[in-house]
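Grab the sequence, open the structure viewer, and let's work through a few exercises together. Try each task yourself before you read the solution.

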Amino acid sequence: MDPKIFGAAVVMLGLLAQGAAAADDAADRAKLARLREEVAALIGPATCSNLVNCRVAALGVDACGNPLEYVAYSWLSTEKDALETKVAEYNFLQEDVQRKSGSLPPCADRPQPVPACVNRRCVIKP
């Protein structure tokens, strides 16, 4: 085979691989956004009658395995098993996307926030 043709073929294969990786990344990020929306839908209005009804779930993972954010939910209006499954799916994919892209968020110690029942909704205290 002509070395020029072989070199061009190698370059073309490399470009195709990069294009496929970019498409996979875009698909993963779209799935991640969809999972985040599904988490929010499972949480719903997070209704509460008092603080005892409120809980906190950790979302995302940084380079050290710490959560990136927390969300408040109510055990009164949220199916806990479904939420835990969806959060685990989100966290797994989010960590995988970060590893593939090589852009892990820096380690940060984010203490678990305290939930509150404000206006009959579970929220995270500021």
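Four short exercises follow, each with its solution.

A word on the ground rules: this is a predicted model, where local features need pLDDT of at least 70, side-chain atom pairs count only at pLDDT 80 or more, and totals for chains, interfaces and linings use all residues. Residues are numbered from 1 along each chain as its sequence is written, and side-chain values use heavy atoms, with hydrogens and water left out.

**Exercise 1.** Work out the order in which the elements of the chain run.

Step 1: Count the pieces, and you get 2 helices and 4 strands. Helices (H or I, at least four residues) and strands (E, at least two) are DSSP runs, numbered from the N terminus.
Step 2: Walk along from the N terminus, and the pattern reads α-β-β-α-β-β.

**Exercise 2.** Find the elements that give two or more residues to the largest nonpolar core.

Step 1: Pin down the term: a nonpolar core is a set of buried Ala, Val, Leu, Ile, Met, Phe, Trp, Tyr and Cys residues joined through side-chain atoms within 4.5 Å. Buried means under 20% relative accessible area, exposed over 50%, partly exposed in between (1.4 Å probe, protein chains only).
Step 2: The largest such core holds 18 residues, and Val39, Ile43, Leu59, Leu83 and Cys122 have the most contacts inside it.
Step 3: Helix H1 (3-43), strand S1 (54-59), strand S2 (69-74) and helix H2 (80-101) each supply two or more of its residues. H2 brings the largest share, with 5 residues.
Step 4: Zoom in on Leu83. Skipping residues up to four places away in sequence, Leu83 touches Val39, Leu42, Ile43, Tyr73 and Thr78; contact here means heavy atoms within 4.5 Å.

**Exercise 3.** Decide whether Asn53 is buried or exposed, and list its contacts.

Step 1: Asn53 sits in the loop between H1 and S1.
Step 2: Its relative accessibility is 5%, so Asn53 counts as buried.
Step 3: Beyond neighbours within four places in sequence, Asn53 contacts Cys48, Tyr73, Ser74, Trp75, Leu76 and Cys122.

**Exercise 4.** Describe the surroundings of Arg110.

Step 1: Look for Arg110 in the loop between H2 and strand S3 (115-118).
Step 2: Arg110 counts as partly exposed because its relative accessibility is 28%.
Step 3: Apart from neighbours within four places in sequence, Arg110 is in contact with Asp62, Pro67, Leu68 and Tyr70.
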